[in-house]
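Visitor: I would love a close look at a single part of this protein. Could you pick one helix and walk me through its surroundings, with some context from the rest of the chain?

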Amino acid sequence: MARIEYVGHATVFVDLDGVRLLTDPLLRNRVAHLRRSTPVSARSLRGVDAVLISHAHYDHLDLPSLERLGKKLPVVLPRGLGGLLRKRKFESVLEIEVGETFSIGSLQIRAVPAEHDRSRGPLGASADPVGYVIEGSKSIYFAGDTDLFDGMSELGPVDVGLVPIWGWGPGLGGGHLDPKGAAEAVARIKPRLVVPIHWGTYFPIHLGLTGRPGFVDLPPVEFVAALQAVAPEVEVRVLRVGESVEL
């Protein structure tokens, strides 16, 4: 059995074969100049066995969110970033590199390439970003943040793809997948089911003074249309923040 809940942004709760994983936890209602569109459900944080971090950026490696989960919880992250957690007294930190495989409970998890900026800032830590392929009774690919890259087709096929389709503003910087790029990524990876992530969660406060900005809800509409053109055989399940799907 598997259940996937879209907690928001790149945070996904994966319950597979009794092992509960949380990806890139960003759990705060306000992050700098960004406001969360929907509060995090406490249900999403119960019984987590481990956290998977994809890269160094503040909206993916958020130390206050990790502290909310507790410093005893195992955290897996790219090699070079572990010191950030150890300085804050996290007790179980595993640093990995692309190509490495490790176990969490009955699951085998492989760190795979991602094409994205590696730095946390001009003077911050840096590390090569990764995605993860989680394998048990189902196989699930979590992309983290990535652009298209050579060799992406080697990651599949998988049962489920958790693929980013946007960000948090009305525009999108380089190194990210927009709806069209995300559709091309899905065509290469060939999942049976794709759940779009990294959309609809945060927006700049000044753009939401009169209500939820319209651009927040556009990416999945554009993604579904683009996917229909390049990979119509792939099932899409668009989950809003807090919604889940059972496999």
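Guide: Happy to: here is a look at helix 3, set within the whole protein and followed by two strand residues. Please keep in mind that this is a predicted model.

Let us begin with the setting. The protein's secondary structure consists of four helices and 17 strands. Its radius of gyration is 17 Å, close to the 18 Å that the globule rule gives for 247 residues, so the protein is as compact as a globular protein of that length. Along the principal axes, the C-alpha atoms fill a box of roughly 45 × 45 × 35 Å. Of the 247 residues, 53% are buried. Among contacts with a separation of 6 or more, 63% join residues 24 or more positions apart.

Now to the helix itself. Helix 3 covers residues 179-189, and it is largely enclosed by the rest of the structure, because eight of its eleven residues are buried. Buried here means a relative accessible area under 20%. The buried residues of helix 3 are Pro 179, Gly 181, Ala 182, Ala 183, Ala 185, Val 186, Ala 187 and Ile 189. What do they pack against? Their partners are three strands, namely strand 12 (139-142), strand 13 (160-164) and strand 14 (193-197), together with helix 4 (218-230). Just after helix 3 comes Lys 190, with a positive phi near 60°.

From the helix we can turn to a strand residue. Val 112 sits in strand 10, which runs over residues 107-113. Val 112 is buried, at a relative accessible area of 1%. Beyond neighbours within four places in sequence, Val 112 contacts Val 98, Val 130, Gly 131, Tyr 132, Val 133, Tyr 141 and Leu 155. Leu 155 is 43 residues from Val 112 in sequence, yet their C-alpha atoms are 7.7 Å apart in space.

A charged residue makes a good last stop. Glu 5 belongs to strand 1 (residues 2-8), and Glu 5 is buried, with a relative accessible area of 0%. Its side chain makes a polar contact of 3.2 Å with the side chain of Arg 3. Leaving out residues up to four places away in sequence, Glu 5 touches Thr 11, Val 12, Phe 13, Arg 43, Ser 44, Gly 242, Glu 243 and Ser 244. Across the protein there are 27 positive and 29 negative side chains, and the centres of these two sets are 8 Å apart.

Terms used: Residues are numbered from 1 along each chain as its sequence is written. This is a predicted model: local features need pLDDT of at least 70, side-chain atom pairs count only at pLDDT 80 or more; totals for chains, interfaces and linings use all residues. Side-chain values use heavy atoms; hydrogens and water are left out. Helices (H or I, at least four residues) and strands (E, at least two) are DSSP runs, numbered from the N terminus. The radius of gyration is taken over C-alpha atoms; the globule rule is 2.2 Å times the number of residues to the power 0.38. Buried means under 20% relative accessible area, exposed over 50%, partly exposed in between (1.4 Å probe, protein chains only). Contact means heavy atoms within 4.5 Å. Lys and Arg count as positive and Asp and Glu as negative; His and the chain ends are not counted. The place of a charge is taken as NZ of Lys, CZ of Arg, CG of Asp or CD of Glu. A polar contact is a pair of N or O atoms within 3.5 Å; within protein, one must be able to donate a hydrogen and the other to accept it, and residues adjacent in sequence count only if both atoms are side-chain atoms.
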